[in-house]
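Please open the structure in a viewer and keep the selection panel at hand. The tour below proceeds by selections, each followed by a description of what is found there.

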Amino acid sequence: MAKKRPAAKTAKPQLDNGEIPVVGAREPCPCGSGRRYKACHGAAAAHAVTEHVARPFEGLPGECDWVALRELVPAATVPLTLKGGLPEGVPSVTLVTVLPMAWPALRREDGSVLLGLQNESSSGDLARDMADTLERAIAAEPGNPVPARRVPAEGPRLQDLLDPNGVFEPVVHAGFEFWIPDAESAQNASPEIAASLERANAAAIPTVKLTGVDAAYWCETPDKNHLRWVMPHPEEKLLDALARLHAAGTSSLGEGTKLVGSFRAHGLMVPVWDLPTGVTAADVEKPAAEFAERLATALAADAPLTAEERRARGGLTNRQVTLS
């Protein structure tokens, strides 16, 4: 039997680690190895993630609203204030919940920057990922989106780039028309962006931010409405306080409403109330403000929980869902 000759090895272009972009896990690795990304540099990237940061937005103005916009609100924008002011040629930097084609960021033709919040994190620290994206967006040529990439482990965080005294005031939108700055741009939008806008608008759940309390968001769904309220209090203390109110029958927001559980997101708790379909955001403004007063009193209590309060606490804990 003839001896098989070894196959000739074809040299493939190799890229430095710092030049290898992030691609889909099942796509060929851009380094030219011939292997899928997840089995090549994607595996190395998975091992190189930074330590998980449970509260990535801690220390930023409006931490609770950051969490809400990341996890709960479909369409919203917030002007951001940078330390030292805006660089030359950058008229504004705006945080947005999501961008077309899930771009991490976009440098518009006028030089302004849109920074996406609801994107995948390539490391264990969302604040570091977003800071890297923000710096690259500011440096990008106008008119270009910013692609995803693996983030250096020692890079800055949002807390290093944003003014700690800046105001964080989200504006909730009914749809994603903020992607396109004016009517002329809308007419010239690519078919991909137009289709992405149509899909996003069709999927958006109507959402309203309450004005009388912080980080509380009403939303409308086909079966019932909800109020989802991101709270800054330590989880164990907040659970005790909610249990006290629930056992006393004072945890609702009015007739037909019910505290049904909570989310856990980015280190904070998000209590959730079911509301009858006809209850609007305006209808729960006053009940929410009154609940905030009852909650403050319950948070200040330090007596041990009664047996009934412990049962209420157990029920609330069992109905807790972790989002991140």
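The stops that follow go from the whole chain to single loops, charged pairs, a helix and a cavity.

**The whole chain**

Begin with the entire chain in cartoon view, bearing in mind that this is a predicted model. The protein chain has nine helices and 12 strands. Of its 324 residues, 44% are buried. Among contacts with a separation of 6 or more, 62% are between residues 24 or more positions apart.

**The loop between strand 2 and strand 3**

Select Met101, which is found in the loop between strand 2 (93–96) and strand 3 (105–107). Its phi is near 60°, a positive value in a residue other than glycine. Met101 counts as partly exposed because its relative accessibility is 39%.

Extend the selection to Ala102, also located in the loop between strand 2 and strand 3. Here too phi is positive, at about 55°, although Ala102 is not a glycine. With a relative accessibility of 48%, Ala102 counts as partly exposed.

**Ser121 and the way to Arg149**

Move next to Ser121, in the loop between strand 4 (113–116) and helix 3. A relative accessible area of 31% makes Ser121 partly exposed. Which residues does Ser121 touch, not counting residues up to four places away in sequence? They are Leu126 and Asp129.

Now add Arg149 to the view. Ser121 and Arg149 are 28 residues apart in sequence, and their C-alpha atoms are 9.7 Å apart in space.

**Salt bridges**

Show the charged side chains as sticks. Side chains of opposite charge can pair when their charged atoms come close. How many salt bridges does the structure hold? There are 12, and the selections below include some of them.

Keep Arg149 selected and add Asp132: the two form a salt bridge whose closest N and O atoms are 2.6 Å apart. This pair links distant parts of the chain, 17 residues apart, with Arg149 in the loop between strand 5 (144–146) and helix 4 (158–161) and Asp132 in helix 3 (residues 126–139). Asp132 is buried, at a relative accessible area of 7%, whereas Arg149 counts as partly exposed at 32%.

Select Arg128 and Asp125 for another salt bridge, with the closest N and O atoms 3.7 Å apart. Are these partners buried or exposed? Arg128 counts as buried, with 15% relative accessibility, and Asp125 likewise counts as buried, with 2%.

Then go to Arg313 and Asp240, whose side chains meet in a salt bridge with an N to O distance of 2.6 Å. Arg313 lies in helix 9 (residues 307–318) and Asp240 in helix 7 (residues 235–247), so the pair ties together parts 73 residues apart in sequence. Arg313 is buried, having a relative accessible area of 17%, while Asp240 counts as partly exposed at 25%.

To finish with the charged residues, select Arg55, Glu58 and Glu63, which are linked in a network of salt bridges.

**Helix 7**

Return to Asp240 and widen the selection to helix 7, residues 235–247. The end C-alpha atoms of this helix are 18 Å apart, which agrees with the 18 Å that its 13 residues should span at 1.5 Å a residue.

Which residues of helix 7 are buried? Colour Leu238, Leu239, Ala241, Leu242, Ala243, Arg244 and Leu245, for these are the buried ones. Their cover includes strand 10 (258–265), strand 11 (268–275), helix 8 (281–300) and helix 9. Showing helix 9 also brings back Arg313, the salt-bridge partner of Asp240.

Step just past the end of helix 7 to Gly249, which takes a positive phi of about 75°.

**The cavity**

Rolling a probe the size of a water molecule over the atoms shows where empty space is left. In this structure there is one cavity of 30 Å³ or more, and the largest cavity holds about 80 Å³ of space.

Which residues line the largest cavity? Select Pro61, Trp66, Pro79, Leu80, Thr81, Leu162, Asp163, Gly166, Val167 and Phe168 to display the lining. Coloured by class, this lining shows seven nonpolar, two polar and one charged residues.

Conventions: Residues numbered from 1 in each chain as written. Predicted model: local features only at pLDDT ≥ 70, side-chain atom pairs only at ≥ 80, totals over all residues. Heavy atoms only, no water. Salt bridge = Lys/Arg side-chain N within 4 Å of Asp/Glu carboxyl O. Buried < 20%, exposed > 50% of the residue type's maximum accessible area, 1.4 Å probe, protein only. Helix = DSSP H or I, 4+ residues; strand = E, 2+ residues; numbered from the N terminus. 1 Å grid on protein atoms, 1.4 Å probe; cavity = no way out; pocket = protein on both sides within 12 Å on 5 of 7 lines; lining within 4 Å. Points joined across faces, edges and corners; volume = space filled by probe spheres on them. Nonpolar A, V, L, I, M, F, W, Y, C, P; charged D, E, K, R; others polar. Expected span 1.5 Å × (residues − 1). Contact = heavy atoms within 4.5 Å.
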